[in-house]
Amino acid sequence: MDNFTPLASLFGGALIGLSAVVLMLLNGRIAGISGITAGMLSPSGATPDRGWRTAFVAGIIIAPLALVLVTGTRPDIGFVAPVTVMILAGLLVGFGTVLGNGCTSGHGVCGIARLSTRSIIATAVFMAAGVATTFIVRHVMVGG
Amino acid sequence: MGRIFGGLIAGLLFGAGLLISGMINPAKVIGFLDLAGNWDPSLAFVMLGGVAVAAIGYRTVLRRGQPMFEPRFTLPTRNDIDPSLLLGAGLFGIGWGLGGYCPGPALAGLGFGSPETLVFVAAMLIGMVGARLSGKFFSGLTWKPKSAA
């Protein structure tokens, strides 16, 4: 557990929860990243609310950059897979989150906070699939 | 205009949370998912902080009659466990375990310009559009054959 960061992770998680509360208070919406992003991509006729979705995604991209500029410390961003595998991973994440109506934020944070049965089950399934995939990649395929 | 402001403020808070929590780092996320390795429980603390604040905040906010910039709250109403929920969550989990990215952290990492992040996000957007286009097929998935209903 060399890299364990309980306080920073708890605080960062609380900010994510606060974001969810703010979006509910102001716009009356669930802060689900996959749903917000997928809705941004829909044909304009089907999505009259593309503006706030685009602003939300812009905020997610801008905030880390702004914090890094202010604090002057670059975050650790380490990758575990080559670009080719990242393409497959991205396709699965995009397809799966839209098919399953949510991701770590919409189901894992907002849905569990609302005690939604669908979200609790979806979170259990994607956690289990993530753990199983990681085990196979890191301990079965590499023989270690 | 208010709705766009609401989206921006919430997005900024979310992006800051992803950076500070360490979720912006795929290697750290894999450290959580890798139970058999050098396990890093940090991600459980991210979820704990997020769920606790959202649960308390939602209770307070939903007591209001309506949100500030919209006429009404838009809340999911479904309660059924359908095949596409399980299949979608399963596929998402496999992709999460392969790359260490879920949608939020991948977007939050875009500004740092790594090729891995850029191709992941591009592929993710294609996957989302693909799921939307095939939505008719998948939304027709049911547990029983239609004739038995």
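This briefing describes two protein chains, A and B, and the way they meet. The model is predicted. Chain A has 6 helices and 0 strands, and chain B has 7 helices and 0 strands. Between them, 107 residues of chain A are in contact with 109 residues of chain B.

**Chain A as a whole**

- Read from start to end, the elements of chain A run α-α-α-α-α-α.
- The C-alpha atoms of chain A fill a box of roughly 50 × 40 × 30 Å, with the sides taken along the principal axes.
- Of the 144 residues in chain A, 51% are buried.
- Take the contacts in chain A with a sequence separation of 6 or more: residues 24 or more positions apart account for 31% of these contacts.
- The exposed area of chain A is about 6,000 Å², and carbon and sulfur atoms supply 71% of it.

**Chain B as a whole**

- Along its sequence, chain B shows the pattern α-α-α-α-α-α-α.
- The radius of gyration of chain B is 19 Å, whereas a compact globule of 149 residues would have a value near 15 Å.
- A box of roughly 50 × 40 × 30 Å, taken along the principal axes, is filled by the C-alpha atoms of chain B.
- Buried residues make up 51% of the 149 residues in chain B.
- Among contacts in chain B between residues at least 6 apart in sequence, 46% link residues that are at least 24 apart.
- Chain B exposes about 6,800 Å², and 69% of this area comes from carbon and sulfur atoms.
- Chain B carries 11 positive and 6 negative charges, and the mean positions of these two groups are 15 Å apart.

**Where the chains meet**

- The size of an interface is often given as the accessible area lost when the parts come together.
- For chain A and chain B, the area buried between them is about 9,500 Å², and carbon and sulfur atoms give 77% of that area.
- On the chain A side, A:Leu26, A:Leu99 and A:Arg118 lose the most area to chain B, and together they make up 7% of what that side buries.

**A covered helix in chain B**

- Helix 2 of chain B spans residues 26–33, and 7 of its 8 residues are buried, so this helix is largely enclosed by the rest of the structure.
- The buried residues of helix 2 in chain B are B:Pro26, B:Lys28, B:Val29, B:Ile30, B:Gly31, B:Phe32 and B:Leu33.
- The cover over these buried residues includes parts of both chains: helix 1 (6–27) and helix 6 of chain A, together with helix 1 (2–21), helix 3 (42–61) and helix 4 (83–99) of chain B.

**A buried threonine in chain B**

- B:Thr117 has its place in helix 6 of chain B, which covers residues 115–133.
- The relative accessible area of B:Thr117 is 1%, so this residue is buried.
- Leaving aside residues up to four places away in sequence, B:Thr117 touches B:Tyr101, B:Ala106, B:Gly109 and B:Leu110, and also A:Phe79 from the other chain.

**A buried glycine in chain A**

- A:Gly39 lies in helix 2 of chain A, which covers residues 33–41.
- A:Gly39 counts as buried because its relative accessible area is 4%, and buried means under 20%.
- A:Gly39 and A:Asp49 are 10 residues apart in sequence, and their C-alpha atoms are 8.3 Å apart in space.

**Two loop residues with positive phi in chain A**

- A:Asn101 lies in the loop between helix 4 (83–99) and helix 5 (104–113) of chain A.
- The phi angle of A:Asn101 is near 60°, a positive value in a residue other than glycine.
- A:Asn101 is partly exposed, with a relative accessible area of 47%.
- A:Leu115 lies in the loop between helix 5 and helix 6 (117–140) of chain A.
- The phi angle of A:Leu115 is near 55°, again a positive value in a residue other than glycine.
- A:Leu115 is exposed, with a relative accessible area of 67%.

Note on methods. Residues are numbered from 1 along each chain as its sequence is written. Chains are lettered from A and ligands numbered from 1 in the order in which they are written. This is a predicted model: local features need pLDDT of at least 70, side-chain atom pairs count only at pLDDT 80 or more; totals for chains, interfaces and linings use all residues. Side-chain values use heavy atoms; hydrogens and water are left out. Helices (H or I, at least four residues) and strands (E, at least two) are DSSP runs, numbered from the N terminus. The radius of gyration is taken over C-alpha atoms; the globule rule is 2.2 Å times the number of residues to the power 0.38. Buried means under 20% relative accessible area, exposed over 50%, partly exposed in between (1.4 Å probe, protein chains only). Contact means heavy atoms within 4.5 Å. Accessible areas come from the Shrake-Rupley method with a 1.4 Å probe; for residues, only the protein chains shown count as cover. Lys and Arg count as positive and Asp and Glu as negative; His and the chain ends are not counted. The place of a charge is taken as NZ of Lys, CZ of Arg, CG of Asp or CD of Glu. Buried area is the accessible area (1.4 Å probe) that two parts lose on being put together, summed over both.
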